[in-house]
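Trainee: Mind if we go through this one together? I'd like to start at the surface and then turn to the cysteines.

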Amino acid sequence: MALLHRPGRPAPAGRPRRLARTAAALAATLALLPPLVAAGGASAQEVPAADVDVHVNTQAALGRLSDTARGVNAAVWDSHMNDPEVAALMKTADVGAMRYPGGSYADIYHWETHTAPGGYVAPGTGFDAFMGTVRATGAQPILIANYGSGTPEEAAGWVRYANVTKNYGAKYWEIGNEIYGNGHYGSGWEHDEHADKSPREYARQVRAYAAAMKAVDPTVKIGAVLTAPGNWPDGITGEGDPGDWNHTVLSQVTDVIDFVTVHWYAGGSDTSADTAMSRLTRLPGELREVRAQIDRYAGADSPRIGIALTEVNTNTGGAQLTARPNGLFAADAFMTALENGVFNVDWWNTHNGPGAITTVDGETDYGDMGMLASGSCTGDVCQPAPNTPFHPYYGMKMTGELGTAGDTMVAAASSAQDLSAHAVHRRDGRLSVLLINKNPDAARTVDLAYAGFSPSAAAPEVSRYARGDSDITDVTDSGASASRVTVPPYGMLTVTLTPKSGTGPGASAAGIAGTPRLEAVTDTTARLSWAGTTGAARYLVQERDGAHTYLVGETTGTSVTLRNLPPGSTHTVNVLAADSAGRLAAPSDPLTFTTGTPADAACTVDYHRDTSWGNGFVATVSVRNLSDTPITGWTVDWDWPTDGQSVSSGWNATFHQSGRHVRVTAPENAGPLAPDGASTASFGFVGANDGPNPDPTVFRLNGTVCAGG
C-alpha cells in the first residue's frame with residue numbers, strides 16, 4: 001500500500017512518501033482598435049439570459065505557448081511510471097514535459113546505480129525506461145540533478161550519458177529540488193549533505209554544477225531553485241546571510257543559469273476546493289515578483305532567464321485532490337501560470353497514492369495527488385484500476401483543447417469571480433476560449449465579446465467536461481453561439497471560433513514585430529525598441545490594462561519613447577505591425593516595466609524591510625526633506641503593489657490604510673523636517689502579507705514624489 005506522498009520529503013525504504021494592475025494609459029491620439037464586437041450567430045436552442053460577461057482581446061498578447069507548456073512529474077518509487085498506458089494518455093493530453101526522478105527523491109537519487117539510499121526505488125523506473133516513456137509521449141525530459149548527496153561531476157556524467165552516449169537531447173536540468181527546505185531556516189525535509197546549507201553555498205554550487213555540465217554539453221539549460229514569493233521561507237534571512245533565499249541566490253547566479261524553478265501549492269488551513277481555487281488569484285502576483293527579482297539581478301539579460309513551475313497542485317495532503325473541483329483547479333492553474341510568464345507547468349504527480357478518503361460532489365475522493373490512479377487502497381477503499389484518469393488529468397487535457405505550442409495566449413476577463421476565462425489565438429487564425437464554472441450549484445450563461453477578432457457566422461466548435469462526462473466531450477451541436485454560451489455547474493467549456501473572411505492577422509501583409517526591449521527608463525519616460533518585420537508600414541505600441549488595450553505610441557521606425565508616465569508606475573505593452581493598408585498583424589510578446597523616481601526630488605524615502613516570516617514582516621521608513629524650507633506636519637503616502645499587503649501596527653507615527661493606500665501622519669509635537677536633508681523622521685510598523693510582498697514603488701511626502709533613500 002502506497003502512502004500519500006507529501007512534497008519535498010523522502011521516506012523510509014519500502015514506504016515512499018511524496019517527497020498588474022497597470023497604471024492608466026497615456027492619452028491616445030488615434031483610435032485604431034476595432035470596436036468591441038458582440039458577435040451573433042444562429043442557435044438551435046433557446047439560450048438563457050446572460051449573467052456573466054467575458055471580454056477577449058486578441059491584440060493583448062500574453063505570450064506564446066511553449067512546447068513544454070504542459071508537464072507532469074514522474075517518480076522512481078512509482079511502479080506504474082512507465083506503463084504503456086501512461087505515454088498514450090499523456091500524448092493525448094498534449095503533455096510536452098516529464099520531470100524526473102521525483103521531487104525530493106532527486107536529492108538522494110544516483111542515476112548511474114539507480115539507487116536512492118534511505119528511500120524506495122521501484123523496478124523498471126530507471127533513466128532509460130523513463131526516456132522510453134518520454135519519447136513515446138513526444139515530450140521532453142526535465143531532469144533534477146542530485147544536489148543533496150551528489151556532486152557536479154556526477155551531474156556532468158549524467159549529461160554525458162544522456163546527451164552524448166544515448167543522444168537523448170535532454171535540455172532542461174534543475175540543480176536540486178526544494179533545497180531551501182534543507183534545515184537552514186529551521187524546517188528540514190530536503191536531504192542535503194553539505195556542511196554549509198546556506199543560500200550562498202547553494203549559489204556557489206550551482207555555478208560549479210553549471211560549469212561541469214555545460215563543459216560536457218554547452219546546449220543544456222541549467223535551472224536554479226527559488227522559493228515562491230509569499231510562501232515559506234520567502235523573506236526570511238538566515239543567520240549570517242546577506243538576504244533571504246531568492247535574493248541571495250539570484251545575486252550570484254544569473255550569469256550562469258538559464259531558468260529558475262518554483263513550486264506552488266494552494267495550501268491554506270481550509271482545504272476546500274472553493275478556497276483552493278480562490279487562492280489562484282495570488283499566483284499572478286507571485287510570478288510577477290519572481291520576474292521582478294530576476295530583473296533586479298540580471299538586468300538587460302533577464303528575458304533570457306525563464307521561469308518553470310515544476311510542481312503545482314491544490315495542497316500537499318488533506319485537500320480534495322482527485323474529485324471534480326481539482327480538475328477545475330488544474331485547468332485554471334495551468335493557464336494562469338502560463339499567462340503570467342512561465343514556460344512550463346508540471347503537475348504533481350502522475351501517480352501518487354491514496355490518502356484520506358472523502359466524498360466530494362457525490363464522488364469518492366481518494367486524497368491522491370496523482371493525475372492517474374495507482375490502484376492502491378486505503379483500508380477497504382480501493383482506487384480504480386491503475387492509470388484510470390482522475391479529474392485533474394481532464395483539467396490538463398482541456399487546456400490542450402485551448403491551444404498548442406506556438407499559439408498565442410491573449411487577454412480574457414470575466415465579470416464573475418466564480419467563472420474563469422482564458423483565451424488562445426491559434427496560428428491558423430481561430431480563437432479558442434476556455435470557460436471554467438467554479439460554482440457547484442448553478443450554470444452560468446456567458447455573453448462573449450471580442451476586440452481585435454471578428455467571428456464568422458459559422459457555429460463554434462465546443463468541447464465540454466462536466467458532470468456526466470467521462471472524457472472531454474464534443475458538444476458543438478448544443479446550441480452555443482459565438483456571442484453566448486452556457487457553462488454547466490462545476491464544468492468547463494472550450495469554444496473555438498473561426499474568423500470572418502478577410503479579417504484578423506492573416507489578412508495583414510505585415511509579420512509579427514519582435515518583443516519590445518526596455519532601452520532606458522526614468523521616472524516619467526521609457527525608451528523601447530524591437531526587431532522590425534517584413535511588410536510593416538508602421539508600428540503601434542499598445543498598453544494593456546486587464547483585457548483592454550490603449551494606444552500609447554506609433555512610429556514608422558523600430559523604437560519609441562513613451563513620455564508623461566507616472567513615477568513608480570508599472571506598464572505592460574505589446575507592439576503591433578500594420579501594413580500599408582492599416583491592417584494589423586498579431587501582437588508581439590509583452591514587455592512589463594516600471595518607471596523610477598525623480599533623481600532631483602525634493603525629498604527621499606528609505607523603505608527597509610528589517611525582517612520577514614512568510615506572511616508578516618517588520619519595516620522601517622526614514623524620510624528626509626531636501627528642499628530649502630523646513631516642513632512641519634508631514635504626511636507620507638504609498639500604495640501597496642498587491643492586495644494582500646497591510647499595516648498591522650506601527651510606532652512613531654499614525655497609520656491609516658484604505659484599500660491598498662497607506663497614509664502615515666507625523667506624531668503630535670513632532671518637530672519640523674529640516675531643509676537640505678539636515679534631519680530625518682523615522683517610523684516603523686509590523687506588516688502582514690497574504691501572498692507576495694514586493695516593496696512599494698513610490699512614496700510621497702506631503703504629496704511630492706520622493707526619490708529612494
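Trainee: How much area does the chain expose, and what share of it do carbon and sulfur atoms supply?

Mentor: Keep in mind that this is a predicted model, where local features need pLDDT of at least 70, side-chain atom pairs count only at pLDDT 80 or more, and totals for chains, interfaces and linings use all residues. Residues are numbered from 1 along each chain as its sequence is written, and side-chain values use heavy atoms, leaving out hydrogens and water. Accessible areas come from the Shrake-Rupley method with a 1.4 Å probe, and for residues only the protein chains shown count as cover. The chain exposes about 26000 Å², and the share from carbon and sulfur is 49%.

Trainee: What radius of gyration does the chain have, next to a compact globule?

Mentor: The radius is taken over C-alpha atoms, and the globule rule is 2.2 Å times the number of residues to the power 0.38. For 709 residues that rule lands near 27 Å, and the chain agrees with its 26 Å.

Trainee: Okay, cysteines. How many disulfides does a search of the whole structure find?

Mentor: A disulfide here is a pair of cysteine sulfur atoms within 2.5 Å. C377 pairs with C382, S to S 1.9 Å, and C603 pairs with C706 at 2.0 Å. Counting bonded cysteines along the chain gives the pattern 1-2, 3-4, and the search finds two.

Trainee: Which hand does the link of C603 and C706 have?

Mentor: Start with the other one: C377 and C382 show 100° about the S-S bond, a right-handed link. For C603 and C706 the angle is -95°, making the link left-handed.

Trainee: Are C603 and C706 buried or exposed?

Mentor: Buried means under 20% relative accessible area, exposed over 50%, and partly exposed in between (1.4 Å probe, protein chains only). C377 at 23% is partly exposed, and C382 at 39% is partly exposed as well. C603 and C706, on the other hand, are both buried.

Trainee: Which strand does β29 join through two bridges, running parallel?

Mentor: Strands are DSSP E runs of at least two residues, numbered from the N terminus, and two of them pair if DSSP finds at least two bridges between them. The open, mixed sheet has the order β32-β35-β30-β29-β38, with β32 (645–651) and β38 as edge strands. T604 stands opposite A707 in β38, and the parallel partner that two bridges join to β29 is β38.

How values were computed
Helices (H or I, at least four residues) and strands (E, at least two) are DSSP runs, numbered from the N terminus.
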